[in-house]
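Here is a short walk through one chain and its ligands. Keep the sequence and the 3D view side by side as you read.

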Amino acid sequence: MVLSILRPYFLAFWHIFKRTFTVKVPYEVPKPSERYRGRPMLHMDRCIGCGVCVYVCPNKALTLVTVDGKKYPQFNAGRCCFCSLCADHCPRAALTMTYEYELSSYTKDDLIYPPSRLSLPPKPLPGRVVTVKTYDVRRGVAHG
Ligand code: SF4
Ligand code: SF4
């Protein structure tokens with residue numbers, strides 16, 4: 001009985017000595033993993049306009065549009081669930097998932113990525129990029 005009352009106090013005291021897990025976004029940002037699925041990027045030179053990506057997209061985030069007489073996918077960031085099905089099924093590897101995750105916008109129109117915008121490389125990560133330096137179950141995680 002007494003122990004169960006004291007236990008939360010011991011736990012709270014122990015946490016004083018643990019490292020903080022928090023990354024101070026936006027001053028620091030955690031490094032995305034290699035397989036992180038952020039905004040897709042289109043490689044226009046490889047795209048053949050077959051429309052497979054549009055067909056497999058479960059959220060209808062891609063539509064085919066015509067640019068200079070050729071068909072390319074146009075991307076709607078407001079609909080995407082970052083499942084990577086489009087990139088996985090593209091027969092020409094013309095779509096790749098990037099680490100870019102800051103896609104919020106003040107207008108719906110700004111969420112639309114025509115082929116020219118979709119083919120831009122991802123923006124550099126904002127803030128200092130940190131990785132997990134020390135992982136310790138007892139003392140917590142340190143970033144550096
Ligand atoms: S990105 Fe790939 S799947 Fe989509 S239209 Fe181009 S070649 Fe086809
Ligand atoms: S990642 Fe998934 S939801 Fe987003 S465009 Fe590709 S298939 Fe559609």
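In this predicted model, start with the sheet. Strand S4 covers residues 70–76 and pairs with S6 in the antiparallel sense. That pairing rests on 2 bridges. One of them joins Asn76 to its partner Ile112 in S6. Phe75 is bridged to Tyr113, again in S6.

Now turn to S3. Strands S3 and S4 are also antiparallel, and here the pairing runs over 6 bridges. Val65, for example, has Tyr72 in S4 as its bridge partner. The two strands form a hairpin with 2 residues between them. Look there for Asp68, which takes a positive phi near 50°.

Put the pieces together. The sheet is open, it has 3 strands, and their order is S3-S4-S6. Strand S3 (62–67) and strand S6 (112–113) stand at the edges. Each has a single partner strand, so one side of each is left without a neighbour in the sheet. As a general point, side chains in a regular strand alternate between the two faces of the sheet.

Next, follow the chain out of S4. The loop between S4 and helix H3 (85–89) holds Phe82. Phe82 is not a glycine, yet its phi is positive, at about 55°. Is Phe82 buried or exposed? The answer lies in between: Phe82 counts as partly exposed because it has 16 C-beta neighbours inside 10 Å. Setting aside neighbours within four places in sequence, Phe82 is in contact with Arg37 and Gly38. Cys57 is 25 residues from Phe82 in sequence, and the two C-alpha atoms are 9.8 Å apart in space.

Cys57 leads on to ligand 2. Which residues come nearest to this ligand? They are Cys57, Ala61, Cys80, Cys83 and Cys86, out of 14 residues around ligand 2. By class, this shell has 12 nonpolar residues, 2 polar ones and no charged ones.

Ligand 1 has its own shell. Many of the residues there come from one stretch of the chain: Cys47, Ile48, Gly49, Cys50, Gly51, Val52 and Cys53 are among them. The shell also includes Pro73, Cys90, Arg92, Ala94 and Leu95. How many charged residues does the shell around ligand 1 have? The count is 1, beside 9 nonpolar and 2 polar residues.

Arg92 and Ala94, both around ligand 1, bring you to Ala93. This residue sits in the loop between H3 and strand S5 (95–97). Its phi is positive, about 50°, although Ala93 is not a glycine. Ala93 is exposed, because 11 other C-beta atoms lie within 10 Å, and the cut-off for exposed is 12 or fewer.

One backbone feature remains. Go back to the loop between helix H1 (2–15) and strand S1 (28–30), where Pro26 has its place. A cis peptide bond joins Val25 to Pro26, with omega at about 10°.

Methods
Residues numbered from 1 in each chain as written. Chains lettered and ligands numbered in written order. Predicted model: local features only at pLDDT ≥ 70, side-chain atom pairs only at ≥ 80, totals over all residues. Near = placed C-beta within 6 Å. Nonpolar A, V, L, I, M, F, W, Y, C, P; charged D, E, K, R; others polar. Pairing = 2+ DSSP bridges. Helix = DSSP H or I, 4+ residues; strand = E, 2+ residues; numbered from the N terminus. Buried ≥ 20, exposed ≤ 12 C-beta atoms within 10 Å, placed from the backbone. Contact = placed C-beta atoms within 7 Å.
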